[in-house]
Amino acid sequence: MMTYISFIRHGETPWNIAGRLQGRTDIALNSNGKLQAQACGEFLNPSDWDIIITSPLKRARKTAEIIQDHLSVPLIEMEEFIEVSFGEAEGLTFNERDKLYPERNYPKKEQSHMITARFSEGLEKVKQHYKDKHILIVSHGAFINAIVYHYTKGAMGTGITRLNNGSITSLHLNDTSGEIVSYNEISHLNPETITNNNKI
């Protein structure tokens, strides 16, 4: 038996456009981000999904709520799927980060082993409570990519590939392993809404 999870990266925010690192900073969607969430909701078939789980940050929560309007399935928050904390680098542009922290060693950043422990705990809870269900999880670029990196053994994800706002990435989980079966699907997005500046 299999648990089916599709991760949706939240819609675009003003900080995405500016190339600012968001992390745990609670930035709202912009109008384009709402259009991206709307496109996700219109694309997904209501009969295919059992529940939506969202990060508590408002850019993810609003994306999930817009999708829920189309799917009419339960929506819950799980703290485990919040974005990676980037510590003192949050709010900085790519150029500012490159100048201050060229080695990407951001003070007070959440460490990789902590991220892995967090998503492992979250996914285990999902498997326990929603075994063999079809689940949407609305989360964040860096966090989803950490999961992808783990399940592809470093072939994709953190430091290698980037996720678009509003993209869909799918993971199939059984009792002992998991497989990434699709990554960064954006065919449902209007090309005019795809975020060009996609630093994080």
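**Exercise 1. In this predicted model, decide whether α6 is largely enclosed by the rest of the structure or not, and state which elements surround its buried residues.**

Solution.
Step 1. Count the buried residues, with buried taken as under 20% relative accessible area. Of the 11 residues of α6, eight are buried, so the helix is largely enclosed by the rest of the structure.
Step 2. Identify them. They are Gly141, Ala142, Phe143, Ile144, Asn145, Ala146, Ile147 and Val148.
Step 3. Find their surroundings. The buried residues of α6 pack against the strands β1, β4, β5 and β6 and against the helix α5.
Step 4. Look past the end of the helix. Just after α6, Lys153 has a positive phi of about 55 degrees.

**Exercise 2. Describe the largest nonpolar core: which residues touch the most other members, and which elements contribute to it?**

Solution.
Step 1. Take the members. This core has 30 residues, and Ile5, Phe7, Phe81, Leu123, Val126 and Ile137 are those that touch the most other members.
Step 2. Assign elements. Two or more residues each come from β1 (3-9), β2 (51-54), α5 (112-129), β4 (134-139), α6 (141-151), β5 (168-173) and β6 (178-185).
Step 3. Compare the shares. α6 gives the largest one, six residues.
Step 4. Follow one member, Phe7. Leaving aside residues up to four places away in sequence, Phe7 touches Phe81, Leu123, Ile137, Ile144, Ile147, Ser167, Ile168, Thr169 and Leu171.
Step 5. Check for a further core. Another one, of 14 residues, lies apart from the largest core; Ala60, Leu71, Val138 and Ile168 are among its residues.

**Exercise 3. Give the order of the strands in the sheet and name its edge strands.**

Solution.
Step 1. Write down the order. Six strands make an open sheet, β3-β2-β4-β1-β5-β6, with mixed pairing.
Step 2. Find the edges. β3 (75-77) and β6 each pair on one side only, and these are the edge strands.
Step 3. Add the twist. With direction ignored, neighbouring strands are turned by 20 degrees against each other on average.
Step 4. Inspect the β3 end. β2 and β3 run parallel and are joined by three bridges; Ile53 stands opposite Ile76 in β3.

**Exercise 4. Work out how β5 is paired, and whether β5 is largely enclosed or not.**

Solution.
Step 1. Take the β1 side. β1 and β5 pair in the antiparallel sense over six bridges, and the bridge partner of Tyr4 in β5 is His172.
Step 2. Take the β6 side. Five bridges join β5 to β6, again antiparallel, and Ile168 has Glu185 in β6 as its bridge partner.
Step 3. Trace the connection. β5 leads to β6 by a hairpin of four residues.
Step 4. Count burial. Five of the six residues of β5 are buried, so this strand is largely enclosed by the rest of the structure.

**Exercise 5. Does the radius of gyration of the chain agree or disagree with that of a compact globule?**

Solution.
Step 1. List the elements. The chain has six helices and six strands, in the order β-α-α-β-α-β-α-α-β-α-β-β from the N terminus.
Step 2. Compare the radius of gyration. A compact globule of 200 residues would have a value near 16 Å, and the chain has 16 Å, which agrees.
Step 3. Add the extent. The C-alpha trace spans about 50 × 35 × 25 Å along its principal axes.
Step 4. Add burial and contacts. Buried residues make up 51% of the 200 residues. Among contacts with a separation of 6 or more, 69% are between residues 24 or more positions apart.
Step 5. Add the surface. The chain exposes about 9400 Å², and 49% of this is supplied by carbon and sulfur atoms.

Conventions. Residues numbered from 1 in each chain as written. Predicted model: local features only at pLDDT ≥ 70, side-chain atom pairs only at ≥ 80, totals over all residues. Heavy atoms only, no water. Core = buried A, V, L, I, M, F, W, Y, C linked by side-chain atoms within 4.5 Å. Buried < 20%, exposed > 50% of the residue type's maximum accessible area, 1.4 Å probe, protein only. Contact = heavy atoms within 4.5 Å. Pairing = 2+ DSSP bridges. Axes fitted to C-alpha atoms, helices over the stretch in contact; angles between N-to-C directions. Rg over C-alpha atoms; globule rule 2.2 N^0.38 Å. Areas by Shrake-Rupley, 256 points an atom, 1.4 Å probe, with all protein chains shown as cover.
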